[in-house]
Amino acid sequence: MLKIFNTDMPDSYPEQISKYLSRFTVGIAGCGGLGSNCAVALARCGVGKLIIADYDIVTLQNLNRQYYFHDQIGRLKVHALRENIQRINPAIVVKAFDMKLCVSDVIELFSGCHVIVEAFDKAEMKQMIIETVLTQMQGKYLVAGVGMAGWGKSEIIHSRKSDNLVICGDEVSEVSATLPVLAPRVGLVANMQANEVLDILLREFTPITP
Amino acid sequence: MKINLNNREEVFESEEMSINQLLAAKNFTFRMLVVKVNGVLVKRHQFDQQMVKDGDDVMVLHLITGG
C-alpha cells in the first residue's frame, strides 16, 4: 500500500493547475496589446485551447506593447501569436482566425469557449462583442479591457463584475495622439484579464496536497 | 428611490426615471455605452422608455478606444 502511494505521488500545485486548465478553451477577440499579452499569460498557465482572432499584421509600431518580435513584422498577428504561444508551450492548441469579427462570427467562433476575452482596440467593437454576448450568448463569461492608455496611475486600474461580465482597466484613459497605449499599462490590464479568466476557470479546482 | 449603480448605492429624489434621465442626472455624456438593468442589456433606442425603479441594479459602462 505504501509502495503504491509512493510511486503515485500527486503532482506539484503548479502542475496540477496546468493539468486542470488543459481541459478549457478560451476565446480571444483581438490580438493587439491586450490580446497578445493575455493569450501568452493564459498559455503559460496551461489553458488547453486558445481561439484567437484578428485581421491585422504586425508592424514596427506595434512592438512597443504587443507580444511580437522584430522578425515578425509584416506577418499576420494571429499566425505570429500562434507561433509565439507554441514556442512557450507546444501542447497548447491554438486556432487562429484571420478575420474582422462581426456579430455572427463572435457567436460561431466563441460559442464553445468557457470564457471570452474582449481584446479589441476600438470602442465600437468592444460594444459589439459585449452586446452580442449579453443578448445572444447569455451566461457566457466575458472579460473586457476598458481604459489603459498612457503611463503611471497604476492605482486606478481595477476589475469589476456585473454577472458574467468582468471589466478590467481604469475605464477613463482613452488612447489619443498624446496618450498612446504603452507596454506596461496595457500589460497590466491584459494580465488582469488573464487573472480574471483563471479566477473563473479555477472555481472548482480542488488541489491534492503533494 | 434607492438604486445600485455600478455596485454603489445611490439615492435619487424621483420615484423612477428613464435611463436617459439617469445618465443626465449623473452627467454621463459618453458616446459609447453599455447599460444593464437587473442583468438585462438595454439598447440605446430604449433609453427613453426603460425606467429605473427603487431597488434596481444598474450597470453603466463607458466604452473607450484602446487595447
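**Two chains, term by term**

Guide: In chain A, A:Glu118 faces A:Ala144 of β5(A). This is a predicted model, in which local features need pLDDT of at least 70 and side-chain atom pairs count only at pLDDT 80 or more, while totals for chains, interfaces and linings use all residues. Residues are numbered from 1 along each chain as its sequence is written, chains are lettered from A and ligands numbered from 1 in the order in which they are written, and side-chain values use heavy atoms, without hydrogens and water.

Visitor: What makes β4 and β5 of chain A a pair?

Guide: Pairing needs at least two DSSP bridges between two strands. β4(A), residues 115-118, and β5(A) have four, in the parallel sense. So they pair. Strands here are DSSP runs of E, at least two residues, and helices are runs of H or I, at least four, numbered from the N terminus.

Visitor: Why is β5 of chain A called mostly covered?

Guide: Four of the five residues in β5(A), 141-145, are buried. Buried means under 20% relative accessible area, exposed over 50%, partly exposed in between (1.4 Å probe, protein chains only).

Visitor: Why does A:Asp163 count as exposed?

Guide: Its relative accessibility is 55%, so A:Asp163 passes the exposed cut-off. A:Asp163 lies in the loop between β6 and β7 of chain A. Its phi is positive, about 55°, although it is not a glycine.

Visitor: And why does B:Asn27 count as exposed?

Guide: B:Asn27 has 63% relative accessibility, so the exposed label applies. B:Asn27 sits in the chain B loop between α1 (19-25) and β4 (33-37). Another non-glycine with a positive phi, B:Asn27 has about 60°.

Visitor: How many residues does each chain give to the contact?

Guide: Chain A gives 30 and chain B gives 19. Contact means heavy atoms within 4.5 Å. The buried area is about 2100 Å², with 58% from carbon and sulfur atoms. That is accessible area (1.4 Å probe) lost by the two parts on being put together, summed over both.

Visitor: How do you know that A:Glu124 and B:Arg31 form a salt bridge?

Guide: Their closest N and O atoms are 3.2 Å apart. A salt bridge needs a side-chain nitrogen of Lys or Arg within 4 Å of a carboxyl oxygen of Asp or Glu. So A:Glu124 and B:Arg31 qualify. The count between chains A and B is two salt bridges.

Visitor: Which elements of chain A give two or more residues to the side that touches chain B?

Guide: They are α3 (33-45), α6 (123-136), β6 (158-162) and β7 (165-169). α6(A) gives the most, eight residues.
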